[in-house]
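Trainee: I would like to go through this model one element at a time. Where should we begin?

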Amino acid sequence: MSKRLTGNLSSQYLEAANRLRSKNARRKIVAFVESYDDVFFWRTVLGQFEDQTRYFEVMLPSHKTLERGKKSVLMRLLEGKVGKDMIACVDADYDYLIKGATETSKRILSNPYVFHTYAYSIENLQCYASSLHNVCVAVTLNDRQIIDLYEFVRQYSVAIFPLFVWSIWHYRRPIYTEFTISDFNKVIELGGFNLGNPEASIQNVRNKVGKRIAALQRQYPDAKESYLALKRELIEDYGITPDTTYLYIQGHHLFDKTIVPVLNKICNRLMHDREMEIRRQSVHGTQMRNELSCYNHSVQDIPQMLKKNTGYMQSQPYKWLVADVERFLNNTKQQKTAKKETEKKDVPTTAETSDSPEA
C-alpha cells in the first residue's frame, strides 16, 4: 500500500470526503496535471467554472515518480481512479490526431474524465499567432510593429502543412519510425531569421518541405489516395487548416526553435529603439541614466511572458477544451439530480409506513 496520500486517492475517495462536509460546503474536484508548468494553464481553464457549489485544486499526483512531460506515467498512475471528483488534464500531443493508434491515445480519447488541450501542447497555445504582438509589447513596453507576426506565423504554418499531413500519416501506422517527429522538426526549422527579410525564412522552409515531400512520394508511391483522404479528414473532421497547423506540431519545438528566436530579434530591436529615444529626449546625462535604468528594470523575459500569455483564449482548441469541461460539469449535475430523484422514490411515504405490519 502506498505511504503517500496521493497513492490512495481516487474519485470515489474524494466523493466520500465531499459527503462528509457540511451541506453548504463547496465540492472539491482534484485535477492532476503532468508538470509544474501546466498548473497555471489548467488553473486558468478550470477556475472560470468555480462557483458556490464547487472548486478545483490543480496538482501533480507525485513529486517523486512523475517526470516532466511524462503523460504515459500520469495515465498509469490514474488508471481506474478518475471520475467526477478527480480528473486528469494532459497535453494532446499527437494522441488526439492519431485516432487511437496507441494505448495512450485510446485512453485519452475514450475517457470522459481525461481532458486534453486539442493543440499539441500548452506551448502551442501560448504561441497563438494573434497574441504575439501583445507579448512583444509586454516585454519591451514598445507598441511599434516591426513585422506582422500573425502573417509570418500564418505563412510558416501554411508552408509546413503538407509535410504535417505526412507526419500524421506515419503515426497512424506502425511505420512512424521511418519519419519521426524529430525528423519532421528538422525539416521545418527556420534556419535563421532576418528582420529585414522574414520572407526568406519562410521560403527556406518551403524549399525543405518540398524536397522531403518529393522523397516521401517516391518512397510511398501508392500513398496518394490515403494521403489525400487524411488531409480532408484533418480539415473537415478535426478543424485543422493550413493556417493553424502550427498549433498541432511539437510544442517545445515551436516555442524554443521558432517563436522565441523570432521574438528575440524583434524585441531586441524594439528595446534598442526605445533606448535611443530616451537618449535623444533626455535633457542631461543624469536624466538619461535614470530613464534608461528605469526602462531596463521594466522590460521582461520573453519565455516567461509567453508562459503567462493568455491570448489563446480566442483560439478554437481552447474553445473546444472549455466546452468539454462544461459538458462534464453539466453531466455530473444531471447525474446528481437523477440520483436524488431516485433516492426520494425509494423513501417510503407516511401512509406506507403506517400500513406496514410493524406499525
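**Sheet, helices and loops**

Mentor: The model is predicted. Start inside the sheet: Val-33 has Cys-89 of strand 3 as its bridge partner.

Trainee: How many bridges join strand 1 to strand 3, and which way do they run?

Mentor: Strand 1 covers residues 27-33 and strand 3 covers residues 86-90. The two run parallel, and the number of bridges joining them is four.

Trainee: Which strands stand at the edges of the sheet?

Mentor: Four strands form an open sheet with parallel pairing, in the order 2-1-3-4. An edge strand has a single partner strand, so one side of it is left without a neighbour in the sheet. The strands at the edges are strand 2 (54-59) and strand 4 (114-116).

Trainee: What does the twist average from one strand to the next?

Mentor: Across the open sheet, in the order 2-1-3-4, the twist from one strand to the next averages 25°.

Trainee: At about what angle does helix 2 run to strand 2?

Mentor: Helix 2, residues 36-47, lies across strand 1, strand 2, strand 3 and strand 4. Its angle to strand 2 is about 165°.

Trainee: Is helix 7 roughly parallel or roughly perpendicular to helix 10?

Mentor: Helix 7 (residues 149-171) and helix 10 (residues 224-236) pack with their axes 10 Å apart, at an angle of about 105°. Angles of 65 to 115 degrees count as roughly perpendicular. Helix 7 is therefore, relative to helix 10, roughly perpendicular.

Trainee: How many nonpolar residues has the contact of helix 7 with helix 10?

Mentor: Helix 7 contributes residues including Phe-161, Trp-166 and Trp-169, and helix 10 residues including Tyr-227, Lys-231 and Leu-234. By class there are one polar residue and one charged residue, and the nonpolar ones number eleven.

Trainee: Where does helix 11 bend?

Mentor: Helix 11 (residues 251-281) reaches 42 Å from its first C-alpha to its last, close to the 45 Å expected. There is a bend of about 35°, with the proline Pro-261 following within four residues. The bend is at Ile-259.

Trainee: Which residue in the loop between strand 3 and helix 4 should I look at?

Mentor: Most residues other than glycine have a negative phi. A positive value, near 50°, is found at a residue in that loop. That residue is Asp-93.

Notes:
Residues are numbered from 1 along each chain as its sequence is written. This is a predicted model: local features need pLDDT of at least 70, side-chain atom pairs count only at pLDDT 80 or more; totals for chains, interfaces and linings use all residues. Side-chain values use heavy atoms; hydrogens and water are left out. The expected span of a helix is 1.5 Å times one less than its number of residues. The bend at a residue is the angle between axes fitted to the seven residues ending there and the seven starting there. Axes are lines fitted to C-alpha atoms, for helices over the stretch in contact, and angles run from 0 to 180 degrees between N-to-C directions. Angles under 35 degrees count as roughly parallel, over 145 as roughly antiparallel, 65 to 115 as roughly perpendicular and the rest as oblique. Contact means heavy atoms within 4.5 Å. Ala, Val, Leu, Ile, Met, Phe, Trp, Tyr, Cys and Pro count as nonpolar, Asp, Glu, Lys and Arg as charged, and the others, Gly among them, as polar. Two strands pair if DSSP finds at least two bridges between them.
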